[in-house]
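Colleague: Got a minute to go through this model with me? I'd like to hear the reasoning as well as the answers.

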Amino acid sequence: MTINQSVYLAASLMLFGMLFFLILAVRAMGDARSLPYFMLRRSRVVQGWRILILAISLGLASLLTFTIGPRAVYVVYPPTPSRTPKSTQTPTATRTPIPSITLTASVTPIPSETATATITPTPGLPDEILILLRETITPNPEAVFSPVLVSPRIDSFNQAINPQDDFNLPQGRLFGAFSYNNLQDGVRWTAIWYFQDEIVCLETLPWDGGSGGYGYTECEPEQWLPGRYDIQLFFGEEWKVSTYFEVLGVVTTTE
């Protein structure tokens, strides 16, 4: 059973308890009317009010557990992003048949230039963001972000609802939801949304979400254009994770 399921089960039990004690309180106050003596009626009414207060307390506790219970648990037991599984099998190269007769070329051309594989550079912060980094807190080197999940909606726990890798005619705002661990309040974090090497959305501010839990970044440009978008997350000056998604089709503006 997950943490969320355990919290919801506890909240549901408290809700059933509230209904049970509410019924007892109503019955106690109803029985008080039929008693012939004042002292007995008063005692039964006081008993009914006590049961009613207990029912209301259970209802409030159930409401708080439903709304902030998972976040409170994540403060004590922060979630750790799962690692991407790696394949344990190594592909074996197939044998190449050896021809019985080998023709020898008279002249072997020597290429004038040898192609060199390009190296993908590690993403870095723009200069205008580096100017803002005057941190007095050294970022924890073990700080991690999970892969970002892109979705038009998130729930009350900052988790993506039906995340996708491509969007057909998105209208309005998109969210990039993620989990995190070993972060420190006060260290500047930055989320950058790129479209064809141009910044369309930028979010940079001191972190205040605690060491572990769920968070999100959001973007709502004037118009989503078809093509590939890139979301980059930084903690301090260090790049942590990147995510790509596609916008498909011809985009129309929202009226």
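Colleague: Let's start with E218: what does it count as, buried, partly exposed or exposed?
Modeller: Keep in mind that this is a predicted model. Buried would need under 20% relative accessible area, and exposed would need over 50%. E218 comes out at 31% relative accessibility, so it counts as partly exposed.

Colleague: And which side chain does E218 meet in a salt bridge?
Modeller: E218 lies in strand β7, and its partner lies in the loop between β3 and β4, so the pair ties together parts that are 45 residues apart in sequence. That partner is partly exposed too, at 37% relative accessibility. With N to O at 3.0 Å, the side chain that E218 meets is R173.

Colleague: Which residues end up in one network through shared salt-bridge partners?
Modeller: R173 also forms a salt bridge with E220, where the closest N and O atoms are 3.4 Å apart. E220 sits in the loop between β7 and β8, so this pair ties together parts that are 47 residues apart in sequence. E220 is partly exposed, with a relative accessible area of 47%. Sharing partners, the salt bridges join R173, E218 and E220.

Colleague: Now the pair E238 and K240: how far apart are their closest N and O atoms?
Modeller: The two ends sit in unlike surroundings: E238 is partly exposed at 42% relative accessibility, while K240 is buried with a relative accessible area of 17%. A salt bridge needs the nitrogen within 4 Å of the carboxyl oxygen. E238 and K240 form one, with those atoms apart by 3.4 Å.

Colleague: Which cysteines form the disulfide?
Modeller: The structure holds 1 disulfide. One cysteine is in strand β6 and the other in strand β7, 18 residues apart. Both are buried, one with a relative accessible area of 12% and the other with 2%. The sulfur atoms are 2.0 Å apart, and the pair is C201 and C219.

Colleague: Is the link of C201 and C219 right-handed or left-handed?
Modeller: A disulfide is a covalent bond between the sulfur atoms of two cysteines. The angle about the S-S bond here is 75°, and the link of C201 and C219 is right-handed.

Colleague: Last one: which are the edge strands of the open sheet?
Modeller: The sheet has 5 strands with mixed pairing, in the order β3-β9-β8-β5-β6. Inside it, β8 and β9 run antiparallel and are joined by 9 bridges. An edge strand pairs on one side only, and here that goes for β3 and β6.

How values were computed: Residues numbered from 1 in each chain as written. Predicted model: local features only at pLDDT ≥ 70, side-chain atom pairs only at ≥ 80, totals over all residues. Heavy atoms only, no water. Pairing = 2+ DSSP bridges. Helix = DSSP H or I, 4+ residues; strand = E, 2+ residues; numbered from the N terminus. Disulfide = S-S within 2.5 Å. Buried < 20%, exposed > 50% of the residue type's maximum accessible area, 1.4 Å probe, protein only.
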